[in-house]
Amino acid sequence: FIIGPGGEMRAQLNAVGGAGLSPREFEPALLSLIHAHLTSGLVAPVIACGMVGSREGWHEVPYRTVPCDPVARGALVAAPTTDPRVTVHIVPGLSQADPADVLRGEETQIAGFLSRNPGWDGVICLPGTHTKWAHLSAGEVVSFQSFMTGEMFALLSERSVLRHSLAGDGWDAAAFVEAVDEAMARPERLAARLYRIRSEDLLRGSDPAAARARLSGYLIGAELAAARPYWLGQQVAIIGAPGLSAAYAEALKAQGVAPVLMAGEEAALAGLASLAPDLERGEAS
């Protein structure tokens, strides 16, 4: 995101493949994306969040420890740059001492949600490769918990024996909800139920769309069972990609929870835009 002189968003650019860059390659990659928005004699402030601030990213930024505001004035950390036309500041992620947990990027999405919903208290679910459940109170992230549900789905659907039964990208909503209910009722049977997806296909030729939905339902159902202390009796919001957020919302609705949804990109944009004035005041470190 490129921030204009008045704190307005001048441009938003998306790129993939950053995980394969060495620290010294990030600046050239950024410049190749934003060169059309650069003006000689003017400095373009760039705000970044997420894994760009990790140990494997552009510049490692220390975590801030919860409980704390999701983002804080003056907490932005400058990344090393050589081109005088840009400055780059990275938003710190959050950490939790016990049980040990970390997040990067989601703090900015949470801040964006709060900027649109001031005074909101409750729990925010941020589904993705590593889904986060964050408890918010009085504008602070009190605690959070991470689940490798998305990564497990990718590994099982692409590299395990189950991949033979999950061809295509179809979806069976009824099979998904049924699998969620089964997993929540007996989460300790998750491993057995996962293999049953393959067995049913071999013996009865199951529909790949239903099999794929059941895999997702079993994993999300087991996650909801473990995260029950977070969402039970709480106001819940979901921030993420539309399709995945819809699946989580459907699973929660079956448990009597009616979550509020916000697109992940919209939340990230709002969170980063809320930090733009910090750069103008020179409050970044």
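Reader: Why is Q109 called buried?

Author: The relative accessible area of Q109 is 16%, and buried means under 20% relative accessible area, with exposed being over 50% and partly exposed in between (1.4 Å probe, protein chains only), so Q109 is counted as buried. This is a predicted model, in which local features need pLDDT of at least 70 and side-chain atom pairs count only at pLDDT 80 or more, while totals for chains, interfaces and linings use all residues. Residues are numbered from 1 along each chain as its sequence is written, and side-chain values use heavy atoms, with hydrogens and water left out.

Reader: What makes the approach of Q109 to G264 a polar contact?

Author: The side chain of Q109, a residue of helix α2 (residues 106-116), reaches the backbone oxygen of G264 at 3.1 Å. A polar contact is a pair of N or O atoms within 3.5 Å, where within protein one must be able to donate a hydrogen and the other to accept it, and where residues adjacent in sequence count only if both atoms are side-chain atoms; the 3.1 Å of this pair therefore falls within the limit. Helices (H or I, at least four residues) and strands (E, at least two) are DSSP runs, numbered from the N terminus.

Reader: How do you know that K132 has no salt bridge?

Author: A salt bridge is a side-chain nitrogen of Lys or Arg within 4 Å of a carboxyl oxygen of Asp or Glu. Lys and Arg count as positive and Asp and Glu as negative, while His and the chain ends are not counted. For K132, which is buried, the nearest side chain of opposite charge, D101, is 4.4 Å away, and therefore K132 has no salt bridge. The side chain of K132, in strand β10 (residues 131-137), does reach the backbone oxygen of V102 at 2.9 Å.

Reader: What makes E60 and R55 a salt bridge, and is each of them buried or exposed?

Author: The side chains of E60 and R55 meet at 3.5 Å, N to O, so the pair satisfies the limit for a salt bridge. E60 has 43% relative accessibility and therefore counts as partly exposed, whereas R55, at 65%, counts as exposed.

Reader: Why is R193 called buried, and which residue does R193 pair with?

Author: R193 has a relative accessible area of 12%, so R193 is buried. The side chains of R193 and E182 meet in a salt bridge (3.4 Å, N to O). The pair links distant parts of the chain, with E182 in helix α4 (residues 173-185) and R193 in helix α5 (residues 190-204), eleven residues apart. E182 and R193 also belong to a network of salt bridges that links them with R196, E200, R204 and R214.

Reader: Why is H59 called partly exposed, and which residues does H59 touch?

Author: H59 has a relative accessible area of 28%, and therefore H59 is partly exposed. H59 is found in the loop between β3 (44-48) and β4 (64-65). Contact means heavy atoms within 4.5 Å, and, not counting residues up to four places away in sequence, H59 touches V52, G53, S54, V77, A78, A79, P80 and I90.

Reader: Why is A138 called exposed?

Author: A138 has 68% relative accessibility, so A138 counts as exposed. A138 lies in the loop between β10 and β11 (140-147), and has a positive phi of about 55 degrees although it is not a glycine.
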